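Me: I've got a structure to look at and a few labels I'd like to understand. Can you walk me through them?

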Amino acid sequence: QKVSVEVLDHLEHLALVDFRDSEGVERLQKAIQFADQLHDVNTDGVEPMDSVLEDRCLYLREDDVTEGNCTKELLENAREKVEEYFVAPPGNIPLPKLEERETFLQGS
Amino acid sequence: AMLRASLRQVSAALKEGRVTPTELCQRCLALIRSTKFLNAYITIAEETALKQAEESEERYKKGQPLGILDGIPIAVKDNFNTAGIETTCASNMLKGYISPYNATVVQKLLDHGAVLLGKTNLDEFAMGSGSTDGVFGPVRNPWSYSKQYKEKSVPKSHSEDEESGWVITGGSSGGSAAAVSSFTCFAALGSDTGGSTRNPAAHCGVVGLKPTYGLISRHGLIPLVNSMDVPGILTRCVDDAAVLLGSLAGHDPKDSTTIQDDFKPFELPNLTDVSKLSIGIPKEYHAPGLSSEILALWSKAADLFKNAGAKVVEVSLPHTRYSIVCYHVLCTAEVASNMARFDGLEYGHRSDMKDSTESMYAATRREGFNDVVRGRILSGNYFLLKQNYEKYFVKAQKVRRLIANDFVKVFRSGVDVLLTPTTLSDAAPYTEFIQEDNRTRSAQDDILTQAANMAGLPAINVPTALSERGLPVGLQFIGRSFQEKQLLTVAKWFEKQVQFPVIQLEVVKRHDNGVFQHQKSASFS
């Protein structure tokens, strides 16, 4: 079962990383093939396991402010900033569709 | 032989004034410079290390050392945040990223007076089993340059031999393992998600401890798989690992997945009577591809326990062969989520693309991540698609429970500790290793280690013997949840029986003038 171009395109949109070349797509195909072995296991009546610590309660601390005031440190590593803001390019502009994007998938 | 001493030995020397922290630090830094060809370190924090050493020296002068770790040079894998020091995860995505804070485990080490020499090399974002896939290049196994390996290798042309014959460290904490193995530090931090501390420990002939999930804080460890990651400990002997564990374990309010039980640091007893011990040998760990050499060593180890009076039983962990598949799905799914934070906006690499937020994110991630990372993100997203969620992700979570239950059943039946191989074979030459892709290699190499991560159990690699090629082979002990004391006690007993040989590195001898003590007793192999 080969993954369709629509799904590959959808994945590139969701992940915001690219397949780059046929090797990248092959890699996914092989990963799916590998994962399909899971279906050999009988899991009837088995509950999914989120965490090995499921029998314990997670620690919740009191809702008190104990640290903060580190704006300067947090801004240090950002490349584009203005005063105390991180600066992003304009939002609400969707990624170009497959036909208009520069992607390896275009040729598929 | 100061550099080749154990952590506890050198700590005693510091206390007695036989060596000073600054002298020790200088020697380690010099050895790091001389072993640059190993590529074990990404960043050497020379200035801060010397400053820490000076402060330690002041404390020793006043007779007020902070504890065993005061003045001890250590190294930290480059996926732990270290304040003021670059943290790269061996990726272009974080080149130039200076952490604004210390990971809890790093802070604890510093609070105990340890001297942080530098950050060690790894596979990019800890994804891999060779320490070959980072942007700073591969790490070389110090044993490639050992007398023991050179004696056994078929000489080609002299120059070709040194350059192309070197073997990998294993991974992903290869830099940390190499750093400890080559005596440039007395302990190092690694991380372990699928075997990333134990695998390179086995290949580099050092002790690699994966603690129980929830025992040591992950705060500041750049996450790969939140439900499986743990900080790992690499040392040259089991007692040293216990020392590190003692200073690192315990509840951290900043990591709510650390358990709240009180943790008491312990010293390991010198076990002499193993007759009350029950050792389990899981038959499924006789995995396809296991070298006959390692199989023989495993068998010999089992006999060692039997002859010493322990109860040795064959046990079954029936879902073992599905654990690597299960791990693959859960790992890529969590990776897809964890890597989403890297978008260029707040830290790390940022693309020049300005058209839109999304296109900037996409370009940043295209430029910042290598093939392996991108591949896992895409696979993970595939398994998390609505149409696949039940079929793959939830299914894998169910299989995870079956795997965890296998261990519960075995431990409930009276077994104290499991004994298994750590790796399928000794370290491969780099040229051979890179012929298969990262995912295939990881799937092969993690097979014996990652079930412990799935079940959250503590596990440790103990160097056992040298292979026919003169390279280290280790065996793995897996213990019950939070029973590190029992696990390490058994490991220490085993370590004493096998007397694993000390690596003979010419470059180290030159730096470590003093009496070099040969391990006299018959080696295990």
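Reply: Sure, starting with axes: these are lines fitted to C-alpha atoms, for helices over the stretch in contact, and angles run from 0 to 180 degrees between N-to-C directions. This is a predicted model, where local features need pLDDT of at least 70, side-chain atom pairs count only at pLDDT 80 or more, and totals for chains, interfaces and linings use all residues. Residues are numbered from 1 along each chain as its sequence is written, chains are lettered from A and ligands numbered from 1 in the order in which they are written, and side-chain values use heavy atoms, leaving out hydrogens and water.

Me: Why are α1(A) and α13(B) called roughly perpendicular to each other?

Reply: The axes of helix α1 (residues 5-15) of chain A and α13(B) cross at roughly 110° and come within 10 Å. Angles of 65 to 115 degrees count as roughly perpendicular (under 35 is roughly parallel, over 145 roughly antiparallel, the rest oblique), so α1(A) and α13(B) get that label.

Me: What makes α11(B) roughly perpendicular to α13(B)?

Reply: Helix α11 (residues 320-338) of chain B and helix α13 (residues 371-384) of chain B pack at about 105°, with axes 7 Å apart. That angle makes α11(B) roughly perpendicular to α13(B).

Me: Which residues of α1(A) meet α13(B)?

Reply: A:V7, A:L11, A:E12, A:L14 and A:A15 do, against B:I377, B:L378, B:N381 and B:Y382; contact means heavy atoms within 4.5 Å. By class, that contact of α1(A) with α13(B) has 7 nonpolar, 1 polar and 1 charged residues. Nonpolar covers Ala, Val, Leu, Ile, Met, Phe, Trp, Tyr, Cys and Pro, charged covers Asp, Glu, Lys and Arg, and the others, Gly among them, are polar.

How values were computed: Helices (H or I, at least four residues) and strands (E, at least two) are DSSP runs, numbered from the N terminus.
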